[in-house]
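Reader: I would like to learn how to read a structure like this one. Please take me through it feature by feature.

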Amino acid sequence: MKRFLIPALALLCGLPASRPLAAHHSSSSYDMEHPVNMKGVASKVEWTNPHVFIFLNVKDEMGSVEEWRVEGNSPNMLTRVGWKSDMIKPGDELLVNGAAAKNGAKVMRLISVTLANGQKYDGQGFK
Amino acid sequence: MIGTKRKGGSGFALRRRPVSFLFVAALALPLILLAQNPPHPNPVKQRGLVMAPDFSGVWFIDEYRRNLLPKEDPPFQPWALQKFKALQEEKIHQDPDDGPDPTERCIPPGIPREMGQPFPFEIVQARDRVIMIFEYQSLIRQIFTDGRGHPQDLEPTYMGNAIGHYEGDTLVIDTVGFNDKTWLDPMGLPHSDQLHVVERLRRVDHDTLVDEYTIDDPKAYTKPWTAQKVFKLKPDWQIKEYVCAENNNVK
């Protein structure tokens with residue numbers, strides 16, 4: 001009995017802590033009518049469902065660095081327009097075009113990304 | 001040693017047995033299948049099947065848009081209009097990590113929203129049903145075309161219960177049995193558990209499929225209203241994996 005109880009209790013105790021935030025965003029949170037450009041350096045890429053996340057360090061007007069989370073579409077749609085999971089690496093300079101969150105959070109919905117070599121990729125995968 | 005030899009001997013026999021067994025099985029298979037699936041008793045239906053329009057293939061929304069009705073409002077019941085307006089207000093201030101859209105928590109989008117998501121779906125036509133395999137959330141929709149009606153004791157579901165029949169070049173799909181936990185479109189048009197969706201699916205040319213909807217939901221709308229979605233054939237695409245449950249939390 002103990003054998004089952006302990007893992008079960010551990011699982012129950014862990015549940016509130018591990019409950020995921022809704023990290024899957026519809027585009028209604030973003031100002032899709034007014035897309036903007038941002039230049040930055042990638043710090044991390046998460047090749048995850050349902051959205052691919054690129055974390056981008058962007059210098060603001062005062063010269064201080066802010067981290068933005070840039071969300072592309074899902075891996076299945078992005079691979080259809082040529083993306084590869086290892087296409088963007090930490091340290092890569094990127095130019096992104098996208099829609100920022102309406103509420104002012106440093107989160108952007110990606111429309112397109114241009115790599116340092118000039119190659120441009122659709123960030124939605126259905127244009 | 002003897003035991004080893006025996007094992008080896010039986011191993012040899014085992015290697016041969018499947019070959020001969022497969023040979024016999026291959027000869028017998030058509031007979032077995034014939035016995036299990038006798039010719040269709042209804043020749044009219046069978047003839048109808050031959051004449052059924054071909055919708056098979058991978059299809060993708062032609063122009064993704066967030067409004068099911070781009071130009072006007074549907075005929076809301078007062079509570080539905082109030083709910084819809086409040087939602088649009090809420091969206092302006094929403095935290096992108098905690099929005100009101102049910103699909104953000106991997107809740108199925110329901111019908112008709114699933115059809116218009118910016119992800120492909122494949123149509124497979126079987127003898128007694130049309131199967132839609134949706135990439136978005138890896139959902140499957142079965143539309144029974146064998147003449148059955150909706151079950152009497154339907155429990156509410158996200159995708160509803162769908163039956164269909166062919167009218168010439170059109171597949172008419174009748175879906176009921178919905179819960180009220182989904183939106184009709186990404187903007188958040190509400191509906192009730194009385195939602196009844198009738199679709200007329202027609203292949204207007206080789207590469208184009210048109211789905212005309214009638215939304216009939218007397219609890220949420222004062223009268224039935226119609227909308228349309230257009231899909232394009234994607235001959236080089238196949239349905240890929242989409243794991244909503246990962247929810248950007250697996251590192």
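Reader: Among contacts in chain B between residues at least 6 apart in sequence, what percentage join residues at least 24 apart?

Author: A note before the number: this is a predicted model. In chain B, 55% of the contacts between residues at least 6 apart in sequence join residues at least 24 apart. One pair of residues apart in sequence is B:Leu68 and B:Gly116, with their positions 48 residues apart along the chain and 8.7 Å between their C-alpha atoms. Another pair is B:Asp205 and B:Leu233, 28 residues apart in sequence and 10.0 Å apart in space, C-alpha to C-alpha.

Reader: Which helices and strands should I look for in chain B, and in what order do they run?

Author: Start with the count, then follow the chain. Chain B has three helices and nine strands. From the N terminus, the order is α-α-β-α-β-β-β-β-β-β-β-β.

Reader: How are the nine strands of chain B arranged?

Author: Follow which strand is next to which. The nine strands form a closed barrel in the order 1-2-3-4-5-6-7-8-9, and the pairing is mixed. On average, neighbouring strands of this sheet are turned by 30 degrees against each other, direction ignored. As one case of pairing, strand 4 and strand 5 (residues 161-167) of chain B are parallel and share two bridges. B:Phe144 has B:Ile163 in strand 5 as its bridge partner.

Reader: Is B:Leu68 buried or exposed?

Author: The count of C-beta atoms around a residue decides this; the cut-off for buried is 20 or more within 10 Å. B:Leu68 is buried because 21 other C-beta atoms lie within 10 Å. B:Leu68 sits in the loop between strand 1 (57-61) and helix 3 of chain B. Leaving aside residues up to four places away in sequence, B:Leu68 touches B:Leu184, B:Asp185, B:Leu189 and B:Ala227. For chain B as a whole, 26% of the 251 residues count as buried.

Reader: And B:Asp205, buried or exposed?

Author: B:Asp205 has 8 other C-beta atoms within 10 Å, so B:Asp205 is exposed. B:Asp205 belongs to strand 7 (residues 196-205) of chain B.

Reader: Which residue that is not a glycine has a positive phi of about 65 degrees?

Author: Read the backbone angle together with the residue type. The residue is B:Gln137, which is not a glycine and has a positive phi of about 65 degrees. B:Gln137 is in the loop between strand 3 (129-134) and strand 4 (140-144) of chain B. B:Ser138, likewise not a glycine, has a positive phi of about 50 degrees, and B:Ser138 is in the loop between strand 3 and strand 4. B:Gln137 counts as partly exposed because it has 19 C-beta neighbours inside 10 Å. B:Ser138 has 14 such neighbours inside 10 Å and so counts as partly exposed.

Reader: Where in chain B is the loop that holds B:Pro112, and what kind of peptide bond joins B:Ile111 and B:Pro112?

Author: Omega is the angle to read here. The bond between B:Ile111 and B:Pro112 is cis, with omega about 15 degrees. B:Pro112 lies in the loop between helix 3 (78-93) and strand 2 (121-125) of chain B. In chain A, the peptide bond from A:Asn49 to A:Pro50 is cis, with omega near -10 degrees. A:Pro50 is in the loop between strand 1 (36-46) and strand 2 (53-59) of chain A.

Reader: How many residues of chain B are in contact with chain A?

Author: Count each side separately. In chain B, 29 residues are in contact with 24 residues of chain A. The chain B side comprises 11 nonpolar, seven polar and 11 charged residues.

Methods:
Residues numbered from 1 in each chain as written. Chains lettered and ligands numbered in written order. Predicted model: local features only at pLDDT ≥ 70, side-chain atom pairs only at ≥ 80, totals over all residues. Helix = DSSP H or I, 4+ residues; strand = E, 2+ residues; numbered from the N terminus. Buried ≥ 20, exposed ≤ 12 C-beta atoms within 10 Å, placed from the backbone. Contact = placed C-beta atoms within 7 Å. Nonpolar A, V, L, I, M, F, W, Y, C, P; charged D, E, K, R; others polar. Pairing = 2+ DSSP bridges. Axes fitted to C-alpha atoms, helices over the stretch in contact; angles between N-to-C directions.
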